Amino acid sequence: MQGSANLNLMIKAARRAGRSLIKDFREVEQLQVSTKGPGDFVTRADREAERLLREELSAGRPNYGWLGEETGAAEGKDPTRRWIVDPLDGTTNFLHGLPHWAVSVALEYKGEIVAAVVFDAAKGELFHAEKGQGAYLNDQRMRVSGRSRMNEALFATGVPFGARPALPATLQDIARLMPGSAGLRRWGAASLDLAYVAAGRLDGFWERGLQPWDIAAGLLLVQEAGGFAEPIRPGSSMLETGSLIAANAGLFESFTKIIRNEG
Ligand code: IPD
Ligand code: CA
Ligand code: CA
């Protein structure tokens with residue numbers, strides 16, 4: 001699969017950040033047993049990954065804007081394009097030595113995501129897509145699953161932790177969804193949840209209160225793999241509210257009704 005120059009730059013940057021994170025991840029496994037724990041170390045690993053991404057992407061495209069979880073927003077000379085980056089999605093997994101986390105890089109053009117890379121460095125899986133060009137997992141074309149019966153469908157979500165306001169609504173969603181579905185997973189990395197819907201491993205995903213860098217790349221993967229994604233509140237923006245529903249074509253309508261509580 002021949003990607004654009006932008007996509008190739010994104011892949012190069014994500015692989016570079018991934019290599020740095022993998023080295024740190026091995027270290028985290030050692031630090032688990034220390035009394036101080038790996039907390040500060042992981043914060044540094046996360047920041048270093050964003051620094052590498054920014055260095056690589058800004059060297060290639062000095063005029064583009066930036067939105068990164070660790071370093072925030074910066075307007076570019078070209079106001080139509082910006083990178084949206086989560087250097088380490090799945091921090092809690094990383095911190096606990098669980099090999100399920102990813103580097104997420106998206107390119108936005110005039111408010112629309114046009115290229116996406118989600119790199120799961122621990123498993124060596126690179127998901128990518130460009131608008132109108134399909135979605136790929138390690139250069140194999142991805143398609144969403146073909147399941148259309150709710151009782152056979154496997155879903156994922158994120159359950160808000162701490163005192164986040166979306167917890168009660170999420171628990172109600174789960175209560176409505178579980179009785180009629182084949183199950184629910186909480187993997188802890190929203191970018192990979194969306195990538196797995198795109199790859200047909202999961203049939204649907206929803207979550208409330210995410211950030212743009214959690215979902216920008218994953219949304220394009222789902223759409224380019226033939227799936228659908230919409231905001232939970234109709235008419236709102238997924239990137240702004242961070243509350244979204246994504247699924248294959250056959251299940252999208254019934255799944256959406258359950259999450260929106262439309263009876
Ligand atoms: C988190 C993950 C998780 C989601 C959280 C996010 P982080 O991102 O995507 O799956 O449920 O809300 O904050 O903090 O690991 O980059
Ligand atoms: Ca994240
Ligand atoms: Ca993060």
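Which residue takes a positive phi near 45° in the hairpin of β4 and β5? It is K110, and two residues separate the strands of that hairpin. The views below come from a predicted model, in which local features need pLDDT of at least 70 and side-chain atom pairs pLDDT 80 or more, while totals for chains, interfaces and linings use all residues. Residues are numbered from 1 along each chain as written, chains are lettered from A and ligands numbered from 1 in written order, and side-chain values use heavy atoms, without hydrogens or water.

**View 1. The eight-stranded sheet and its edges.**
This open sheet has the strand order β2-β1-β3-β4-β5-β6-β7-β8, and its pairing is mixed. Strands (E, at least two residues) and helices (H or I, at least four) are DSSP runs, numbered from the N terminus; two strands pair if DSSP finds at least two bridges between them. β2 (72-74) and β8 (140-141) are the edge strands, and each has a single partner, so one side of each lacks a neighbour in the sheet. At the β2 edge, strand β1 (residues 65-68) runs antiparallel to β2 and is joined to it by three bridges. G68 has G72 in β2 as its bridge partner.

**View 2. Strand β5 between its two antiparallel partners.**
β5 covers residues 112-120, and eight of its nine residues are buried (under 20% relative accessible area with a 1.4 Å probe, protein chains only; exposed is over 50%, partly exposed in between). On one side, β5 pairs with strand β4 (residues 102-109) in the antiparallel sense, over seven bridges. A116 in β5 is the bridge partner of A106. Six bridges join β5 to strand β6 (residues 125-130), again with antiparallel directions. Here F119 stands opposite L126 in β6. The hairpin of β5 and β6 has four residues between the strands, and its residue G124 takes a positive phi near 65°.

**View 3. Helices α1 and α2 against the eight-stranded sheet.**
Helix α2 (residues 39-60) lies across β1, β2, β3 and β4 and runs at about 150° to β3. Angles run from 0 to 180 degrees between N-to-C directions of lines fitted to C-alpha atoms, for helices over the stretch in contact, and contact means heavy atoms within 4.5 Å. At the β2 edge of the sheet, β1 and β2 are joined by three bridges. Helix α1 (residues 5-31) packs on this sheet and touches β3, β4, β5 and β6; its direction makes about 30° with that of β5. N8 is placed in helix α1. With a relative accessible area of 39%, N8 is partly exposed. The C-alpha atoms of N8 and G18 are 15 Å apart, for a separation of 10 residues along the chain.

**View 4. The calcium ion (ligand 2).**
The protein donors of this ion are D86 (OD), D89 (OD) and D214 (OD), at 2.1 to 2.3 Å from it. Donors are N, O and S atoms within 2.8 Å of the metal (3.2 Å for Na, K and Ca); water is not among the atoms, so sites may look incomplete. The spacing of the donor residues in sequence is D-x2-D-x124-D. D86 and D89 are both buried.

**View 5. The calcium ion (ligand 3) and the shared aspartate.**
E69 (OE), D86 (OD), D86 (OD) and L88 (O) coordinate the calcium ion (ligand 3) at 2.2 to 3.2 Å. D86 therefore enters this list through two entries marked OD, and E69 lies in the loop between β1 and β2 while D86 is in strand β3, so the pair ties together parts that are 17 residues apart in sequence. The donor residues follow the spacing E-x16-D-x1-L. The calcium ion (ligand 3) lies 3.7 Å from the calcium ion (ligand 2), and D86 coordinates both. E69 counts as partly exposed, at 34% relative accessibility, whereas D86 is buried, with a relative accessible area of 1%.

**View 6. The five-stranded sheet and helix α5.**
A further open sheet is formed by five strands in the order β10-β9-β11-β13-β12, with mixed pairing. Its edge strands, β10 (183-185) and β12 (228-231), each pair on one side only. Neighbouring strands of this sheet are turned by 20° against each other on average, direction ignored. β12 pairs with strand β13 (residues 244-247) over four bridges, in the antiparallel sense. In this pair, A229 stands opposite A246 of β13. Helix α5 (residues 190-198) lies across β9 (154-157), β11 (204-207) and β13, and runs at about 155° to β11.
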